[in-house]
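Here's a quick tour of the fold for someone who likes to think in contacts and geometry. Have the model open while you read; the tour starts at one spot on the backbone and works outwards.

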Amino acid sequence: MIATDPKIIVALDFPAAKQAMAFVDTVDPSLCRLKIGKELFTTAGPDLVRLLVERGFDVFLDLKFHDIPNTVNKAISAACQLGVWMVNVHALGGREMMLAAREGLAASPGPNQPLLIAVSILTSIDQATLADLGITKSLEQTVTDLTELALDSGLDGMVCSAREVAMLRARFGDQPVLVTPGIRPAGADTQDQQRVMTPRQAVDAGSSYLVIGRPITQHPDPAEQLIAINQSLG
Ligand code: C5P
């Protein structure tokens with residue numbers, strides 16, 4: 001079965017281009033999209049992004065920009081030049097920063113304009129850590145408020161925990177793109193993820209795209225695993 005609009009975004013959490021390409025050579029753009037984060041981008045840089053785009057993959061450049069508005073505007077424009085499919089910022093950068101990020105997308109007008117999404121509160125942050133930062137609202141309220149701010153600033157959606165998706169769909173409807181990590185196929189090792197959902201559960205809850213790393217990248221047959229997960233999504 002070929003997914004023409006794959007919901008799976010494989011996290012390329014590899015130390016360098018060589019290991020990333022050894023994996024990429026085993027999979028096909030019809031089965032998945034790819035996410036490049038800070039480690040791989042720092043070692044492999046824009047050349048790897050361009051190579052993956054040339055090979056036909058949709059690339060999510062997961063660099064979570066958070067800086068002054070002008071700097072984020074230029075960084076988003078630079079991401080557009082690479083031809084990425086999706087890029088993100090921290091909602092905690094504030095409205096002006098997100099508006100500037102949105103304006104940065106003008107570097108890539110038309111149908112190939114990347115999706116721009118925000119991170120609200122990292123799932124590694126708990127209520128006590130928020131309190132350390134002087135944020136006294138509940139975690140759930142903070143996530144909701146930052147999501148509202150991001151969508152109000154013209155962003156396309158959010159990275160969030162699959163556990164937050166139902167709440168965000170109830171509040172913000174079907175339109176926002178919701179991208180969720182913390183996914184494990186039934187029976188797979190949860191590794192360091194605390195609260196996981198299966199791909200099917202996450203999609204049923206309203207996830208638009210699923211970020212999955214090790215269950216695919218460390219599988220003996222990644223293409224077979226991708227086909228199986230795509231099939232589980234119907
Ligand atoms: O290997 P695994 O499926 O756990 O990888 C999940 C990916 O999603 C990693 O790249 C991780 O950094 C990212 N991520 C996450 N939890 C978040 C945000 C991002 O696991 N809250």
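Start at Gly56, which comes after helix H2 and has a positive phi, near 100 degrees. Keep in mind that this is a predicted model, and that goes for every value below.

**Helix H2 and its kink**

Now step back into the helix itself. H2 covers residues 38-54, and a straight helix of 17 residues would span 24 Å, yet the end C-alpha atoms of H2 are only 21 Å apart. Where does H2 bend? The bend is at Ala44, by about 100 degrees, and Pro46 follows within four residues.

Ala44 is also one of the buried residues of H2, together with Leu40, Gly45, Leu48, Val49 and Leu52. The cover over those buried positions includes helix H1 (17-24), strand E2 (33-36), strand E3 and helix H3 (69-82).

Phe41 sits in H2 as well, but it counts as partly exposed because its relative accessibility is 22%, and buried means under 20%. Leaving out residues up to four places away in sequence, Phe41 touches Ile36, Pro46, Val49, Leu61 and Leu63. One of those partners, Leu61, is 20 residues from Phe41 in sequence, with the two C-alpha atoms 8.5 Å apart.

**Strand E3**

Asp62 belongs to strand E3, residues 59-65. Is Asp62 buried or exposed? It counts as buried, because its relative accessibility is 7%. Beyond its neighbours within four places in sequence, Asp62 is in contact with Lys35, Ile36, Gly37, Lys38 and Asn88. So the list for Asp62 includes Ile36, a residue that Phe41 touches too.

Lys64 is in E3 as well, and it has a positive phi of about 45 degrees although it is not a glycine. Gln191 is another such case, with a positive phi of about 50 degrees and no glycine either. Gln191 is found in the loop between strand E7 (177-180) and helix H8 (199-205), and at 30% relative accessibility it counts as partly exposed.

**Cores**

As general background, nonpolar side chains in soluble globular proteins tend to be buried together. Here, the largest nonpolar core holds 63 residues, and the members that touch the most others are Leu12, Ile36, Leu52, Ile76 and Val89. Another core lies apart from it, with 13 residues that include Ala11, Met86, Ile117 and Val177.

Leu12 is a good residue to click on. Not counting neighbours within four places in sequence, Leu12 is in contact with Phe23, Val24, Leu34, Lys35, Ile36, Leu40 and Leu52. Two of these partners, Leu40 and Leu52, are among the buried residues of H2.

**Cysteines and threonines**

How many disulfides does the whole structure contain? The search finds zero. Cys80 counts as buried because its relative accessibility is 6%, and Cys160 is buried too, with a relative accessible area of 5%.

Thr144 lies in helix H6 (residues 139-152) and touches Met167, Arg171 and Phe172, with residues up to four places away left out. Thr129 is in helix H5 (residues 127-132). The C-alpha atoms of Thr129 and Leu139 are separated by 10.0 Å, with the two positions 10 residues apart along the chain.

Here are a few of the accessibility values side by side:

| Residue | Relative accessibility | Class |
|---|---|---|
| Cys160 | 5% | buried |
| Cys80 | 6% | buried |
| Asp62 | 7% | buried |
| Thr144 | 10% | buried |
| Phe41 | 22% | partly exposed |
| Thr129 | 28% | partly exposed |
| Gln191 | 30% | partly exposed |

**The whole chain**

Zooming out, the chain has 10 helices and eight strands. Its radius of gyration is 17 Å, close to the 17 Å that the globule rule gives for 234 residues, so the chain is as compact as a globular protein of that length. The C-alpha trace spans about 45 × 40 × 30 Å along its principal axes, and buried residues make up 51% of the 234 residues.

The contact picture is also worth a look: of the contacts with a separation of 6 or more, 67% join residues 24 or more positions apart.

Notes
Residues numbered from 1 in each chain as written. Predicted model: local features only at pLDDT ≥ 70, side-chain atom pairs only at ≥ 80, totals over all residues. Heavy atoms only, no water. Helix = DSSP H or I, 4+ residues; strand = E, 2+ residues; numbered from the N terminus. Buried < 20%, exposed > 50% of the residue type's maximum accessible area, 1.4 Å probe, protein only. Contact = heavy atoms within 4.5 Å. Expected span 1.5 Å × (residues − 1). Bend = angle between axes of the 7 residues up to and from the residue. Disulfide = S-S within 2.5 Å. Core = buried A, V, L, I, M, F, W, Y, C linked by side-chain atoms within 4.5 Å. Rg over C-alpha atoms; globule rule 2.2 N^0.38 Å.
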